[in-house]
There are 2 protein chains.
Amino acid sequence: MEWQEGKEKFLQAWGTLGTSWGINRTMAQIHALMMISPHALSADEVMEELQISRGNVNMNIRALMDWGLVYKELRAGDRREYFVAEKDMWKVVRQIIVNRKKKELEPILKVLDEISGIDGTVNEEAEALAKAVNDIKLFSSKADATLDMLVKADSNWFVGTFMKMIK
Amino acid sequence: MEWQEGKEKFLQAWGTLGTSWGINRTMAQIHALMMISPHALSADEVMEELQISRGNVNMNIRALMDWGLVYKELRAGDRREYFVAEKDMWKVVRQIIVNRKKKELEPILKVLDEISGIDGTVNEEAEALAKAVNDIKLFSSKADATLDMLVKADSNWFVGTFMKMIK
DNA sequence: TAAAGGTTTCAGAAATTTTTGAAATAGAAA
DNA sequence: TTTCTATTTCAAAAATTTCTGAAACCTTTA
């Protein structure tokens, strides 16, 4: 297979994967492009490579930097900005966990706490709601703690431990 | 807090959570509604409760059944169909892992395998691509194995093991 | 067999998300 | 200061996703 063809397949696949996880196709593709690039890329190179507008590139690179998946790189004597992606998959996944946990798990825990004040003795429905909320709260706190641990653990520890478990 | 208010907050929050994970708001809300309901619900009850059309309810319940998160329940002497959600959070999450793994992790592994046939000695770009693809393949297989293990493990084992790890 | 009661389908409408492109902004160099 | 190059913003357009509603399609019962 030609590398050009492989590259296109990869960009395509990564974009699709992003989409089904609530990350927009273009953001995922920009990230993919940077992951497989041997050097930092300028906005123009990304525009050219993915055939998208400057505004689109700018917004998505900004979002990727917010997620901590892409860094800015400056070159002496060049006014343009260049960008590199984090290439260590473990770090990539860790960043994603940290971000999504904060943006999604924490808000839902907050809502559950608010709701858990309901009186479950009123009727059957209130009781079912109270029980469900409590179950989810319990599960979510465990998930929260587990993810915290995963994030603190380093890559080798993680892999090693799981490999042992799987046998 | 009134249970009616709590219920609305919960449906709202669960819908939003779904959205950011690539699951449509209505599907997530139907699931939420069934999770907090003390009895099985008919299509009409869901329509009424969420104020959505019959077609929409039908399509999303079907999808939830495909995911293995909702079951059909028949009542003697009643031609209508009723639906119940799986309420054990561990089972819910397990089903989601199984489904998403198959629908998303496996296809990307397939693409990576195809691509890994490229010749990395051609140029710097091909080399970077080959390396990235290999790294991701390695990581993905580990993730795949880890998820398999998680799915096979029962809830108590999981919780117990992680609790010990966290100390 | 026909009617009644319920489910499924799907084309078009509506809502939402993403992208464009041009103008505004920023800031370095002349 | 002015010019030049690059970045950022954002309203409007385009693309995509989701929802509606009515017709088609079962199944059961009379």
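## Two chains around two DNA strands

Helix α4(A) supplies the most residues to the surface near DNA strand D, giving 4 residues. The model is predicted. The report takes the DNA surfaces first, then the pairing of the chains, then one helix and a few single residues.

### The DNA surfaces

Which elements supply at least two residues of the surface near DNA strand D? They are α4 of chain A, along with α2 (25-35) and α4 of chain B. In all, 18 residues surround strand D. Those that come nearest are A:G55, B:N24, B:S53, B:G55 and B:N56. By class, this surface has 3 nonpolar, 8 polar and 7 charged residues.

Now DNA strand C. Here too the surroundings count 18 residues. A:N24, A:S53, A:G55, A:N56 and B:G55 come nearest. Two or more residues each come from α2 (25-35) and α4 (54-66) of chain A, and from α4 (54-66) of chain B. The largest share belongs to α4(B), with 4 residues. The surface near strand C divides into 3 nonpolar, 8 polar and 7 charged residues.

### How the chains pair

Chain A superposes on chain B after a rotation of 180°, with 0.0 Å of shift along the axis and an RMSD of 0.0 Å. The two copies are therefore related as by a two-fold rotation axis. Both copies use the same surface: 100% of the contact residues of chain A recur in chain B. Which residue of chain A comes closest to the rotation axis? It is A:G22, whose C-alpha lies 2.2 Å from the axis.

The contact takes 44 residues from chain A and 44 residues from chain B. On the chain A side, α1 (3-20), α5, α6 and α7 (155-166) each give two or more residues. Helix α6(A) gives the most, with 14 residues. By class, the side of chain A that touches chain B has 29 nonpolar, 6 polar and 9 charged residues.

### Helix α5 of chain A

Helix α5 of chain A runs over residues 89-115, which is 27 residues. At 1.5 Å a residue, α5(A) should span 39 Å. Its end C-alpha atoms are 38 Å apart, so the expected span and the model agree. The helix is not straight throughout: α5(A) bends by about 40° at A:K101.

Which residues of α5(A) are buried? They are A:V92, A:R94, A:L112 and A:I115. These buried residues pack against α6 (124-152) of chain A and against α1 (3-20) of chain B. An α-helix has 3.6 residues a turn, so residues three or four places apart point the same way.

### Single residues

A:Q51 sits in the loop between α3 (43-50) and α4 of chain A. Its phi is positive, about 55°, although A:Q51 is not a glycine. Chain B has its own residue of this kind. B:Q51 has a positive phi of about 55° and is not a glycine either. B:Q51 lies in the loop between α3 (43-50) and α4 of chain B.

A:A32 belongs to helix α2 of chain A. Leaving aside residues up to four places away in sequence, A:A32 touches A:F10, A:L11 and A:W14. One of these contacts, A:W14, is 18 residues away along the chain, yet its C-alpha is separated from that of A:A32 by 6.5 Å.

A:K91 is part of helix α5 of chain A. A:K91 and A:Q51 are 40 residues apart in sequence and 28 Å apart in space, C-alpha to C-alpha.

Are these residues buried or exposed? The table gives the class and the count of other C-beta atoms for each.

| Residue | Class | Other C-beta atoms within 10 Å |
|---|---|---|
| A:Q51 | exposed | 7 within 10 Å |
| B:Q51 | exposed | 7 within 10 Å |
| A:K91 | partly exposed | 13 within 10 Å |
| A:A32 | buried | 23 inside 10 Å |

The cut-offs explain the classes: a residue with 20 or more such atoms is buried, and one with 12 or fewer is exposed. A:A32 counts as buried because it has 23 C-beta neighbours inside 10 Å. A:K91 has 13 other C-beta atoms within 10 Å and is therefore partly exposed.

Definitions and conventions:
Residues are numbered from 1 along each chain as its sequence is written. Chains are lettered from A and ligands numbered from 1 in the order in which they are written. This is a predicted model: local features need pLDDT of at least 70, side-chain atom pairs count only at pLDDT 80 or more; totals for chains, interfaces and linings use all residues. A residue is near a molecule or strand if its C-beta atom, placed from the backbone, lies within 6 Å of it. Ala, Val, Leu, Ile, Met, Phe, Trp, Tyr, Cys and Pro count as nonpolar, Asp, Glu, Lys and Arg as charged, and the others, Gly among them, as polar. Copies are superposed by least squares on the C-alpha atoms of residues with pLDDT of at least 70 in both. Two residues are in contact if their C-beta atoms, placed from the backbone, lie within 7 Å. The expected span of a helix is 1.5 Å times one less than its number of residues. The bend at a residue is the angle between axes fitted to the seven residues ending there and the seven starting there.
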